[in-house]
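Visitor: I would like to go through this structure and hear the reason behind each label. Please give the cut-offs as we go.

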Amino acid sequence: MVMGVGINQLREISLGLQASTLLTYIFGFTALKLSRLKKDGILRHGKINTAGYTLGALSLLFMLYSGIRLIIARAAPLIMYIHGFLGIITLALSSLFVANRWSWKTVRNMRILLVLFLSTFSGGVYMFSKFYKRDALAKKRSIKKKLAAKRC
């Protein structure tokens with residue numbers, strides 16, 4: 001528990017932030033495509049996606065705690081390391097897009113970044129579902145044991 005918040009709640013917060021990130025990226029893309037003037041659309045797209053990047057970066061705080069706990073306990077599955085590696089690459093490239101306007105900031109590179117983000121997001125959703133189920137079952141068993149001990 002961190003400040004009265006359980007690990008599953010931290011994971012839920014992180015997943016919510018990541019889902020919000022995905023939605024803002026979709027809104028940013030939509031704003032770009034629906035814009036009448038290309039320059040205005042690109043500016044809106046950039047602002048909306050910067051907000052999405054911020055949400056994704058915030059979720060990192062919650063994910064790190066959960067991941068570090070599993071690594072210390074030597075209970076981290078291989079997918080967590082793959083997810084973390086892809087996440088670091090995605091976050092680093094995203095920060096370059098947000099902070100700079102370099103010539104390599106092309107549609108092709110943005111598509112590569114999108115694929116990286118979706119891969120990382122999918123891995124995170126998979127891990128959330130596995131860890132959430134596992135921890136929920138463990139909690140349920142713990143409660144049953146406590147109730148059985150009280151009856152005796």
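Visitor: Where does Asn-109 lie?

Guide: Asn-109 lies in helix H4, which covers residues 107-151. The word helix has a rule: helices are DSSP runs of H or I with at least four residues, strands are runs of E with at least two, and both are numbered from the N terminus. Residues are numbered from 1 along each chain as its sequence is written, and side-chain values use heavy atoms, without hydrogens and water. This is a predicted model, in which local features need pLDDT of at least 70 and side-chain atom pairs count only at pLDDT 80 or more, while totals for chains, interfaces and linings use all residues.

Visitor: What makes Asn-109 count as buried?

Guide: Its relative accessible area is 18%. Buried means under 20%, exposed means over 50%, and partly exposed is in between, with a 1.4 Å probe and protein chains only. The value falls under the first cut-off, so Asn-109 is buried. Its C-alpha atom is 31 Å from that of Ile-68, and the two residues are 41 apart along the chain.

Visitor: Leu-113 is also found in helix H4. Is Leu-113 buried or exposed, and how do you know?

Guide: Leu-113 has a relative accessible area of 12%, so it is buried. The C-alpha atoms of Leu-113 and Ser-66 are separated by 25 Å, with their positions 47 residues apart along the chain.

Visitor: Which label does Leu-93 get, and on what relative accessibility?

Guide: Leu-93 is found in helix H3, and its relative accessibility is 28%. That value is neither under 20% nor over 50%, so Leu-93 counts as partly exposed. Its C-alpha atom lies 15 Å from that of Tyr-25, a residue 68 positions away along the chain.

Visitor: What about Leu-61: buried or exposed?

Guide: Leu-61, in helix H2, has a relative accessible area of 58%; this is over the 50% cut-off, so Leu-61 is exposed. Between Leu-61 and Ala-138 there are 25 Å, C-alpha to C-alpha, and the pair is 77 residues apart in sequence.

Visitor: How do you know how H1 and H2 run relative to each other?

Guide: Two packed helices are described by the angle between their axes and the distance between the axes. Axes are lines fitted to C-alpha atoms, for helices over the stretch in contact, and angles run from 0 to 180 degrees between N-to-C directions. Helix H1 (residues 7-34) and helix H2 (residues 38-72) have axes that come within 8 Å and cross at roughly 165°. Angles under 35 degrees count as roughly parallel, over 145 as roughly antiparallel, 65 to 115 as roughly perpendicular, and the rest as oblique. H1 and H2 are therefore roughly antiparallel. The residues of their contact divide into 18 nonpolar, 13 polar and three charged; here Ala, Val, Leu, Ile, Met, Phe, Trp, Tyr, Cys and Pro count as nonpolar, Asp, Glu, Lys and Arg as charged, and the others, Gly among them, as polar.

Visitor: Which label fits H1 and H4?

Guide: H1 and H4 pack at about 155°, with their axes 11 Å apart. The angle is over 145, so H1 and H4 are roughly antiparallel.

Visitor: What makes two rings an aromatic pair?

Guide: Rings of Phe, Tyr and Trp (its six-membered ring) pair if their centres lie within 6.5 Å; planes under 30 degrees apart count as stacked, over 60 as edge-to-face, and the rest as tilted. By this rule there are two aromatic pairs. Tyr-25 and Phe-117 have 5.1 Å between centres and 75° between planes, which makes the pair edge-to-face. Tyr-25 lies in helix H1 and Phe-117 in helix H4, so the pair ties together parts that are 92 residues apart in sequence. Phe-117 and Phe-121, at 6.0 Å and 25°, are stacked. These two are four residues apart in helix H4, and so about one helical turn separates them. Tyr-25, Phe-117 and Phe-121 form one aromatic cluster.

Visitor: What makes Arg-74 worth a remark about phi?

Guide: Most residues other than glycine have a negative phi, and most peptide bonds are trans. Arg-74 is not a glycine, yet its phi is positive, at about 55°. Its place is in the loop between H2 and helix H3 (78-99), and Arg-74 is exposed at 80% relative accessible area.
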